[in-house]
Amino acid sequence: MEWSRDDVHAVVKRSPDRVAAHDKEGWVGLFADGAVVEDPVGGPPARKGADLRDGDDELGRFYDVYIAPNEVRFEVLADVVQGLTVVRDVNITTRTPNGARVALPAYLIYELGEVDGALRVQRMRAFWELRGVTMSAVKGGPTSLIAMTGLTARMLRIQGFSNVSTYLEGLWRGMFERGHAAAEEFARAIRERDLAGLRGLFADDETRIEIEPGKRHSPRSVFDALGPGASLEIEAPISAGFFTAFRCTLTAHGARRSGVGLFEFDPHTRFCTSARLYLG
């Protein structure tokens, strides 16, 4: 079946509505069996239908920990729809039962697929910075600290120690400011047509840069694809695990397009292994 942009977009737009309504069954129902939610990226993934326990699964327990007790609201700044993928630039505000408020800028990537004639989410990745959110909570006073303590206790009770341990690795394991700097260098190299600077971000000259869906370029060939006078502006980089996402605007061939960029890094070498721009 051919799915329109509106069909794909509609599935993703239902997610925050069902979160706000505390509709667990409706929210979980947006996901295909075997779907994976990485929220945040770098933390433990939650799979639908995996590791059944007490009649629930990882995705259901994820809902019980992070959504059920809280009031969660999404402010959508921009959406990019490419085929069966939707990328969202959002601000998420969570209010906990004791009144603590957590503001969270994030980039969300939804990958959809057809299941029994209907569209379902097969993978959702949320890019946000655990370290920054934790530091804000620490500085937020007693109300925020109590909320953070309650969240940790709920995670341990519902998800278990191993899950919490993996989640907390995000406080020290990842790219952090180094990923931000790489994104800035990528934009500068594009603007200045600096091949050496661009190549320095990657381990080799393989085709690792994707500007248009399905079309990959090497650091050398990307300048030809963009043409003379091309420029890239980025803002609000966020590093989650070994990924860095950022808001971006590309000017090329007389057109100006905005969206979200995503870098993936090798955990050992810290070189970029892929760079992709999702542009509207």
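**Exercise 1.** Which residue just after helix 1 takes a positive phi? Then describe the helix that comes before this residue.

*Solution.* In this predicted model, the residue is His-22, whose phi is about 55°. Turning to the helix itself, helix 1 covers residues 5-20 and has 16 residues. From its first C-alpha to its last, helix 1 reaches 24 Å, which is close to the 22 Å expected at 1.5 Å a residue. The next step is to find its buried residues, and these are Val-8, His-9, Val-11, Val-12, Ser-15, Pro-16 and Val-19. Finally, the partners against which these buried residues pack are helix 2 (24-28) together with strand 3 (71-82), strand 4 (85-95), strand 5 (101-115) and strand 6 (118-127).

**Exercise 2.** Determine whether Gln-122 counts as buried, partly exposed or exposed, and find its contacts.

*Solution.* Begin by placing Gln-122, which lies in strand 6. Its relative accessibility is 40%, and because partly exposed covers the range between under 20% (buried) and over 50% (exposed), Gln-122 counts as partly exposed. Leaving aside residues up to four places away in sequence, Gln-122 touches Ala-32, Ala-35, Val-36, Glu-111, Leu-112 and Gly-113. As a last step, compare positions along the chain: Phe-31 is 91 residues from Gln-122, yet their C-alpha atoms are separated by 6.1 Å.

**Exercise 3.** Identify the residues with the most contacts inside the largest nonpolar core, and follow one of them outward.

*Solution.* The largest nonpolar core has 37 residues, and those with the most contacts inside it are Trp-27, Phe-31, Tyr-110 and Leu-112. Following Tyr-110, and not counting residues up to four places away in sequence, we find that Tyr-110 touches several residues, including Val-12, Ser-15, Val-86 and Met-124. A second, separate core has 29 residues, among them Ala-187, Leu-201, Phe-263 and Ala-275.

Notes:
Residues numbered from 1 in each chain as written. Predicted model: local features only at pLDDT ≥ 70, side-chain atom pairs only at ≥ 80, totals over all residues. Heavy atoms only, no water. Helix = DSSP H or I, 4+ residues; strand = E, 2+ residues; numbered from the N terminus. Expected span 1.5 Å × (residues − 1). Buried < 20%, exposed > 50% of the residue type's maximum accessible area, 1.4 Å probe, protein only. Contact = heavy atoms within 4.5 Å. Core = buried A, V, L, I, M, F, W, Y, C linked by side-chain atoms within 4.5 Å.
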